[in-house]
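Colleague: I should be grateful for a close look at a single part of this model, followed outward to other places in the chain. Please explain each term as it arises, for a first-year student.

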Amino acid sequence: MNILLLGSGGREHAIAYKLAQSKQCRRLFIAPGNAGTNQCGINVDLDITQFDAVKQFVFNNDISMVVVGPEAPLVEGIVDAFQDDNLLRHVKVLGPSRQGAMLEGSKDFAKGFMERHKIPTARYRSFTADTLQEGLDYLATLKAPYVLKADGLAAGKGVLILDNLEEARAELRAMLEDAKFGKASSRVVIEEYLSGIELSVFVLTDGAHYVMLPSAKDYKRVGEGDTGLNTGGMGSISPVPFADKEFMKKVEQRIVAPTIKGLAKEKIPYCGFLFVGLMNVDGDPYVIEYNVRMGDPETESVMPRIKSDLVQLFTQACDGTLKKNDIEIDSRTAACVMMVAKGYPQKYAKGKVIHGIDEVDDCLVFHCGTRLGDKKEVLTNGGRVICVTALADGLPQALLASYQNADRIKWDGKYMRRDIGQDLLKYIE
């Protein structure tokens, strides 16, 4: 079949890498893609927020399946746009409906959903500009640190964790009165801070059945020792050593199964990925947030561990025929190290020539923010530029291989954290 994958980051390169391996994939198009995805298929200069243009391309190129990488098109209702089109409703679109995407598109909706279905999460309340004073008073009932979340999508910048009460109150005013995050912060969720260690759990579902994908842990802070500004992610590890069988059984029984049952009970159409951001609090899982797509850079360590045919899995998800035993996972550890542009996540330069990609040995290179220059050279084109993923029999070996190969890739202003995965070594016997 012909497949169209929407997106341009490392997540999409990792998904494209797996899709291209399937014998069921005849032609793979990636829109808009990057300098790495064109090694897996054909890059298409297409604005994925313009649904009419996407649908026209699907019609013109006999596309049988559309795989949606990022969250924005899902929240805007791209799945519904295909379902409402008589000519294209037969096309399989991997992603939840607009209503299902509200799990990520609205923090308030997600927290309410968890409350209705008794899914463990931090206690919370939501506030608008009209109830600002109540929000200020509610902050005083909590202990530091204070967690403020813009209700809508804010490009990963809408969550604030603050140690000082007055600072938290000032930020709440800025979000509600001054639209600090635009429409995204017209409603703000204030929730109790959970202390523990984070991990990401991924599920592929057809809305009634599901398969558990490998767990992963990513590293958000730009500086070593988890210091500095938040980023889109500086690296990831899969599996997570502390997420043993007992813990994952709790995750599935207390969180994953009730979530899928809740979607079905509320008659919310949902086909695609469910990303559950979790906090391990003294051995018990609590949901921090839902996302309705794969994470980045977690995908770059999760996808290489999936041995099953990805197109077959996606087809079953779209057709409602998923079964738990349909997936085969590589038992090895994957370590992904992200290389970024100097200055990221603030101002950074683009257009730097990248050298050494062809020197990488026995590792996977996923492009995140790259483009091809006029002479077909690979250029930097984003803050997070490129990452290297190694598979090995243990975490130390995977980290060693990933870092050794990442050092072979160079450009002016390259930066990477040197401590990815170090915090997990203590969990390995």
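Modeller: A residue is called buried if its relative accessible area is under 20%, exposed if that area is over 50%, and partly exposed in between (1.4 Å probe, protein chains only). The model is a predicted one, in which local features need pLDDT of at least 70 and side-chain atom pairs count only at pLDDT 80 or more, whereas totals for chains, interfaces and linings use all residues. Residues are numbered from 1 along each chain as its sequence is written, and side-chain values use heavy atoms, with hydrogens and water left out.

The part chosen is helix α1, residues 10-19. Helices (H or I, at least four residues) and strands (E, at least two) are DSSP runs, numbered from the N terminus. Nine of the ten residues of α1 are buried, so the helix is largely enclosed by the rest of the structure. The buried residues are Gly10, Arg11, Glu12, His13, Ala14, Ile15, Ala16, Lys18 and Leu19.

Within helix α1, Glu12 deserves particular attention. Glu12 counts as buried because its relative accessible area is 2%. Its side chain has two polar partners, where a polar contact is a pair of N or O atoms within 3.5 Å; within protein, one atom must be able to donate a hydrogen and the other to accept it, and residues adjacent in sequence count only if both atoms are side-chain atoms. The side chain of Glu12 reaches the backbone nitrogen of Gly9 at 2.8 Å, and a polar contact of 2.7 Å links it to the side chain of Arg11. If residues up to four places away in sequence are not counted, Glu12 touches Leu5, Leu6, Gly7, Thr37, Gly69 and Pro70; contact here means heavy atoms within 4.5 Å.

Gly69, one of these neighbours of Glu12, leads to Asp47. The C-alpha atoms of Asp47 and Gly69 are separated by 13 Å, and the two residues are 22 residues apart along the chain. Asp47 is found in the loop between β3 (42-43) and α2 (51-60). Its relative accessibility is 43%, so Asp47 counts as partly exposed. The side chains of Asp47 and Thr49 are joined by a polar contact of 2.6 Å.

Other loops contain backbone features of interest. In the loop between α6 (107-116) and β6 (124-128) is Lys118, which has a positive phi of about 55° although it is not a glycine. Lys118 is exposed, with a relative accessible area of 73%. Ala179, likewise not a glycine, has a positive phi of about 50° and lies in the loop between α8 (165-176) and β9 (187-191). At 42% relative accessibility, Ala179 counts as partly exposed.

Cis peptide bonds also occur in loops. The bond from Ala144 to Pro145 is cis, with omega near -5°, and Pro145 has its place between α7 (132-139) and β7 (146-150). Asp296 and Pro297 are joined by a cis peptide bond with omega of about 25°; Pro297 lies in the loop between β17 (284-291) and α10 (299-302).

Finally, which residues of α7 and α8 meet? Leu132, Gly135, Leu136 and Leu139 in α7 meet Leu165, Ala168, Arg169, Leu172, Arg173 and Leu176 in α8.
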